Each structure stands twice: as structure tokens, then as C-alpha cells.
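This briefing concerns a single model and is arranged by topic. Please consult the sequence and structure shown below.

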Amino acid sequence: MTAMIHARFDSGNIRVLDQRGDVFDLEIVADRDSDFYQWFHFRLSGAAGRAVTLRILNTRGSAYPGGWPNYAARVSEDRIDWRQAPTTYTDDVLEIRYTPASDGAWFAYFAPYAMERHHDLIARTAMTPGVTARVLGYSLDGQTIDCVELGDGLLQVWLYGRQHPGETMAEWWMEGALDMLTDPHAPIARALRQRCTFHVVPNMNPDGSSRGHLRTNAVGTNLNREWHAPSPERSPEVLCVRDAMDATGVDFAMDVHGDEAIPYVFIAGFEGIPAWTEAQGALYTRYRETLARRTPDFQVQHGYPITGPGRANLSMSTNQLAERFGCVAMTLEMPFKDNDDLPDPDYGWSPGRSMRLAEDCLAALWEMIDVLPAAPRGGTTR
């Protein structure tokens, strides 16, 4: 039987350049109308019991070449259990060697989070008592921007992810957060629902998710550079979410992402915003330190450089929200590689760890709930 590679499915991305028996030369396809590429997702069929070599050749021009050293591709034969595949990176070629037990094996940059799973998540969460699922707006391809809302408290908490669609660990995190928040037997969740109203947007970029993009929407827009001036033509996804935030106000916000190169879990803040205050910064620092104490999967030594005073990029959501509302806002980053502080040779960083991290993030929020100030309702505070 001849081995074949396929990528015409939800979030699929690869192009076959050459095939020599069970050796494939491949390249990742760039996001539409963009130079960004790094996400791949494809199926290998017809190779049961044979050693297959998959060579991705165009890594040098990818969005984050520093993401390839010490990285391992993910593979699954049942599309449920995703493990690290034997992977090497030499002379700008990412080489995956794998012997499938069956005639179907799927490979991806990280465990995919399909749009069908997204709709299942919205459907089952919406059936929980006290939960509202509403559509904030539509993407350029006409897909819904879904928002799940629950809780009766004064504090307005916004959790949102997958501005960059290839960062699928973000929606695994969202699933973990929603599962905890809707669990009637989880005491921290019950207490949080009494003190907070949660607004959860699990996938801000459904078009990029479906198209197999790394970083952009249907017209090549990086949504996390649109928060200062979103438009219906380039970034309706951001526009509808920011409008909804203006209507409720924001007291605490977390934007959930994945980082290609840094092998740690970390948080980036808003230090360089023009309206930064010591009190606002102290709350952000307290949250990071609380989370680091709660879980060995989080740390505060490694991350992005701190932006100098007045130099924050207000087109990014964390900076825009902290400036706009005077709230505690942050960007959570999880690795595509593994957490070097607590490595797992079988799975690396995984969907399960992303979901467990969400539980710890919510527990850290509960620990400091009494010191979070509630902003005036009905729009921006600055």
C-alpha cells in the first residue's frame, strides 16, 4: 500500500513537495494574505507497520525559527491521545520519524482543538443551570464569536483565547476553565460565581482555526494588534468583543496564548501603559506570585522583557484593557515544547496540563478576590 498525506480538513495545513517511498518532503503553508506560518496538521495514511520519515523543509522562514530546536511534533492514531513523536531539528530541517501501528496517524504542531469540539463545548456548557451562551458578533467568514457567561457577582472577569488560532493550548485551557466553573461540586468555582460575573470567549479566531492558520484571521490580520482601533473590515472579532467589554466593564482579564520558543509557562503584564499605577501593578504581581505558589507548572523567572514606562503597545489586548479600564490584565503563555521545570517525555506540554493550569489560575483568582477593586459599570473608566 502506498503511503499518502492529506490536509484538507478542519485546521489542516501541509504541502507535499516530494515523496520517495515512505520519505516525504513537506512545507508548511503560510496564513492567507500573511507571511506567518508555523502551524501544521496533517494525516498520514497507508503506512501501518512501516518506518516513515517526514521532513519539513521551510522552517527557516517560519514565524518563530527559535521554536524548532528541542521541539517534538505531536502524533495521534485515535485523534484523542496526542503524544510526542521522535523529532530532530538539523540544518533547518524538522524531521519526524514514526512507525504507525495502524493505517492512520495524525501529526500536528500541538494537539488540535477542532471547531466541532468548540461547538460541543459551547453546547454542553450552555445546558448548565445559570449559564448564558450568546453570540457577540461574527467573523469575516461568518462564524460566530461565542461568549459563555455565568456568575452573579459584581466583579467582571473576562477570559478569552485563541486570538492566534494555532495556539490551540489556549482553547484546551478554556475547556478546563469552563468545566471547573460549571462544576456544582467545585467549592472554589461556587465561591467565584458568587463574587464574579464571568465572560468567557473560548475562540476569538474561528476563521484562522478552520483554515489552519498560525496567527491571523481570514484576511491576514493579527487580532492581537487591533485592540486600539478594531474595524469591521479587518478585525470584527476584536470589535465585537471590545464593544461587549465596554458594556460590562472589566475588573480582571486574562488573554490565553501559547509561545513557540520559551519552554516555560509564564505571564506577561502591562507595565508600560501610560496610566500605570503602583496599586494596579501590585495586584498583577500578587496574582503571578500566587499562581507560582499554587502550581509547579508556573514560574516567574522566565518570560518576555518588561516594557519601559509609557512604551506599551496599546494595540495589544492586555495593554489596551489595563489602560482602558484600569483593571488587572495579563497574557498567559503556555509552551509548544514542554515546561523545562517539569518535563514530560511522553506528552510534553499537553491538553491535560493546559486544563489543569486553568483550574489553578481560577484558584489563584479566588485567593486574591477580596483585594480586587470593582470598577464603575457602564463603559470605560479611563
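Which residue follows α5, and what is the sign of its phi? That residue is Gly 249, with a positive phi near 80°. The model is predicted, and the chain averages a pLDDT of 97.

**Confidence**
- A pLDDT of at least 70 is reached by 98% of the residues.
- Residues 378-382 fall below a pLDDT of 50, although this stretch has 21 contacts in the model beyond near neighbours in sequence.

**Helix α5**
- Helix α5 covers residues 236-248, and its 13 residues should span 18 Å at 1.5 Å a residue; the end C-alpha atoms lie 19 Å apart, which agrees.
- Because 10 of the 13 residues of α5 are buried, the helix is largely enclosed by the rest of the structure.
- The buried set includes the charged-type names Glu 237, Arg 242 and Asp 246 alongside Val 238, Val 241 and Met 245.
- The elements covering these buried residues include the strands β11 (132-138), β12 (144-150), β13 (155-161) and β14 (196-201), together with the helices α4 (206-211) and α7 (317-325).

**Nonpolar core**
- The largest nonpolar core holds 107 residues, of which Phe 40, Trp 173, Phe 198, Met 254 and Tyr 287 touch the most other members.
- Helix α2 (residues 169-181) supplies the largest share of this core, with 9 residues.
- In soluble globular proteins, nonpolar side chains tend to be buried together.
- Leaving aside residues up to four places away in sequence, Phe 40 touches a set of residues that includes Ile 14, Ile 28, Ile 56, Trp 68, Tyr 71, Leu 94 and Phe 107, as well as Asn 13.

Notes: Residues numbered from 1 in each chain as written. Heavy atoms only, no water. pLDDT = per-residue confidence, 0-100. Contact = heavy atoms within 4.5 Å. Core = buried A, V, L, I, M, F, W, Y, C linked by side-chain atoms within 4.5 Å. Buried < 20%, exposed > 50% of the residue type's maximum accessible area, 1.4 Å probe, protein only. Helix = DSSP H or I, 4+ residues; strand = E, 2+ residues; numbered from the N terminus. Expected span 1.5 Å × (residues − 1).
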